[in-house]
Amino acid sequence: MDKQKKKRITFKAYIATICLVLALGLAGGYGLSGLINKVAPQSNASRVSEVYKILKNAFYDTTHNKTSLDTRILKGMVDGLGDIHSQYLTKDETKAFTTSVNGDYEGIGITYLKVHSGIMVSRVYENTPAYNAELKAGDIIVSADGVDLAKQAYDKIPELILGKSGTSVTLKIKKNNQYVSKKVVRKAVETDYYAYLANHNGKNYGYIHLNTIGSNTDKKVANILNAFKEKHVTELIIDLRDNGGGYVGTAKDILSLFNKKGETLYYLRDKSSTKPQKDNTNTYYSYDHGYVLVNENTASSAELIASTLKEVNGFQTVGTQTYGKSIIQVEDELSNGATLKYTDSEWLTSKKEVINKKGITPDVKIDSYNRDFQTKYFADVYRVDQVDEHIKMMEIMLETLNYQPGRTDGYFSMQVSESLKRYENEHHLTVNGEYDYNDFENLLSDYMHYITDTKNDRVLNDILGRL
């Protein structure tokens with residue numbers, strides 16, 4: 001999306017068009033009363049308004065859906081565009097979306113997965129209350145202030161974890177069937193970036209991890225680059241892994257920090273034209289060597305940054321093929337506080353390459369750790385000679401943790417069973433070589449801790465080996 005393009009429009013302007021999609025979908029399956037009311041020919045806008053009025057007054061709602069009919073109609077209209085990136089967001093959804101993109105909020109600084117026992121920490125952001133309290137990826141939080149998280153819906157959990165700065169939350173944490181409580185004091189956290197300066201093989205290098213491209217991320221990057229310059233940094237690493245993007249305008253401002261005035265950074269294509277987007281600033285930072293870390297979750301404006309640094313600035317891209325999203329959404333603020341987010345343009349790389357639904361192929365390919373797992377509870381117990389996707393993920397985790405199952409194809413062999421027994425024995429679980437959900441939670445906890453430990457970061461370690 002483009003942070004330059006925000007405007008306010010009236011709710012009534014959309015009432016005139018909200019039912020077009022619903023009108024198309026009514027023929028799916030229905031019963032007829034035998035009575036057809038004929039009306040005079042209408043314009044498209046009038047027909048849409050007419051359908052809305054009929055549904056609003058006469059629709060007999062059997063869905064028991066707590067969301068208002070107006071909201072459902074509006075969402076249905078936008079969903080009918082067939083574009084997964086266009087959305088009607090309620091006022092609350094808009095607030096959550098903006099917070100997510102900007103990466104600034106009041107809380108403790110974690111992301112998590114829902115598991116049967118509660119929530120599992122998937123990431124702890126640096127310099128946050130959770131980081132200072134020594135929470136780790138893989139920790140399972142079973143309760144917050146005494147509230148059992150296993151019994152909470154996923155979308156209700158933030159209400160228990162987030163809170164005003166200065167307030168605290170007591171977390172009960174499970175690790176290898178042992179429990180510990182930690183009191184964490186909330187504060188305002190910034191999760192859009194993390195940076196540090198280090199020395200490797202006699203060279204000063206700077207590392208910047210951008211988690212999202214928020215409205216002020218460019219200013220933070222500018223401050224970091226200036227600090228690096230004062231320390232005579234010659235090598236720069238920009239980590240865009242798992243960065244789903246953000247504001248294209250901010251991405252342009254970040255790219256302008258690395259280029260001279262007049263340089264073409266990328267092209268912007270809309271319904272009427274394709275125009276070059278040039279650096280119009282006088283700020284310019286350069287490095288002897290630059291590296292951009294990417295993976296399958298690097299998307300949108302993060303891909304824009306990666307592509308320009310690769311094509312224009314000669315940075316090496318390292319990791320796996322990126323997501324492939326170059327279409328741009330704008331946000332129109334409605335009079336009721338809701339937001340209409342819709343696609344209005346697309347960016348092309350500085351060489352006019354289209355990466356949408358293709359992604360960027362890295363210069364150096366290094367596979368990411370497998371994160372393709374389902375955390376939903378399963379009651380099944382898996383045994384020797386069975387084949388299943390749960391077994392495959394178990395084998396991948398055992399292999400990564402060096403328990404040598406001998407295969408990762410989903411077939412439960414005797415060697416896999418013996419490998420699992422060794423894990424069960426070392427972690428004080430029931431030692432039977434049979435795979436159940438308790439084994440899964442414990443394995444996943446250790447696996448998450450392992451793959452998020454920087455000393456096991458294969459991509460970053462490869463880069464450091466090149467310095």
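**Figure 1. Strand 18 and its hairpin partner in the predicted model**. In this predicted model, strand 18 spans residues 327–334 and has seven of its eight residues buried, so the strand is largely enclosed by the rest of the structure. Its pairing partner is strand 19 (residues 339–348); the two run in the antiparallel sense and are joined over seven bridges. One of the residue pairs across the two strands is Ile327 with Glu346, the latter in strand 19. The two strands form a hairpin with four residues between them. Within the turn, Gly337 adopts a positive phi of about 90 degrees.

**Figure 2. The open sheet of six strands**. The strands follow the order 11-12-13-16-17-20, and their pairing is mixed. The edges of the sheet are strand 11 (193–200) and strand 20 (364–365), each of which pairs on one side only. Strands of a sheet pair through backbone hydrogen bonds, either parallel or antiparallel. Both senses appear in this view: strand 11 runs antiparallel to strand 12, with eight bridges joining them, whereas strand 12 and strand 13 run parallel and are joined by five bridges. Tyr196 has Tyr207 of strand 12 as its bridge partner. Gly206, in turn, is bridged to Leu236 of strand 13.

**Figure 3. Strand 13, covered on both faces**. Five of the five residues of strand 13 are buried. In a regular strand the side chains alternate between the two faces of the sheet. Here, Glu235, Ile237 and Asp239 lie on one side, Leu236 and Ile238 lie on the other, and all are buried. Leu236 is the bridge partner of Gly206, and Gly206 is also among the contacts of Leu236 beyond four places in sequence. Those contacts further include Ile208, Leu225, Phe228, Phe258, Tyr287, His289, Gly290, Tyr291 and Phe315.

**Figure 4. The largest nonpolar core**. This core holds 32 residues, of which Leu225, Phe228, Leu236, Phe258, Tyr287, Ile305 and Leu309 touch the most other members. Both strands and helices give two or more residues to the core. The contributing strands are strand 12 (203–210), strand 13 (235–239), strand 14 (264–269) and strand 16 (289–294). The contributing helices are helix 8 (217–230), helix 9 (248–256) and helix 10 (301–311). A second, separate core comprises 29 residues, including Phe373, Leu420, Tyr437 and Tyr447.

**Figure 5. The surroundings of Asp139**. Asp139 is located in the loop between helix 6 (129–132) and strand 6 (140–144). The residue is buried yet has no salt bridge. Lys175 is the nearest side chain of opposite charge, at 4.9 Å; a salt bridge requires a side-chain nitrogen within 4 Å of a carboxyl oxygen. The side chain of Asp139 does reach the backbone nitrogen of Lys136, at 2.9 Å. Leaving aside residues up to four places away in sequence, Asp139 touches Ile119, Met120, Val121, Glu134, Ile173, Lys174, Lys175 and Ser445.

**Figure 6. The salt bridge between Lys175 and Asp446**. Side chains of opposite charge can pair when their charged atoms come close. Lys175 forms a salt bridge with Asp446, and the closest N and O atoms are 3.4 Å apart. Lys175 belongs to strand 8 (residues 168–175) and Asp446 to helix 13 (residues 437–451), so the pair ties together parts that are 271 residues apart in sequence. The partners are placed unlike one another with respect to the surface: Lys175 is partly exposed, with a relative accessible area of 28%, while Asp446 is buried, with a value of 14%.

**Figure 7. Salt bridges within helices 12 and 14**. The whole structure contains 17 salt bridges. One of them joins Glu418 to Lys421 at 3.4 Å from N to O. These two residues both lie in helix 12 (residues 414–426), three residues apart, which is about one turn of the helix. Glu418 is partly exposed at a relative accessible area of 35%, and Lys421 is likewise partly exposed at 30%. In helix 14 (residues 458–466), Asp462 and Arg466 are four residues apart, again about one helical turn. Their side chains meet in a salt bridge of 2.7 Å, N to O. Asp462 counts as partly exposed at 24%, as does Arg466 at 37%. Elsewhere, salt bridges with shared partners join Asp104, Glu190, Asp192 and Lys220 into one network.

Note on methods. Residues numbered from 1 in each chain as written. Predicted model: local features only at pLDDT ≥ 70, side-chain atom pairs only at ≥ 80, totals over all residues. Heavy atoms only, no water. Buried < 20%, exposed > 50% of the residue type's maximum accessible area, 1.4 Å probe, protein only. Lys, Arg positive; Asp, Glu negative; His and termini not counted. Polar contact = N/O pair within 3.5 Å; in protein donor to acceptor, adjacent residues only side chain to side chain. Contact = heavy atoms within 4.5 Å. Core = buried A, V, L, I, M, F, W, Y, C linked by side-chain atoms within 4.5 Å. Pairing = 2+ DSSP bridges.
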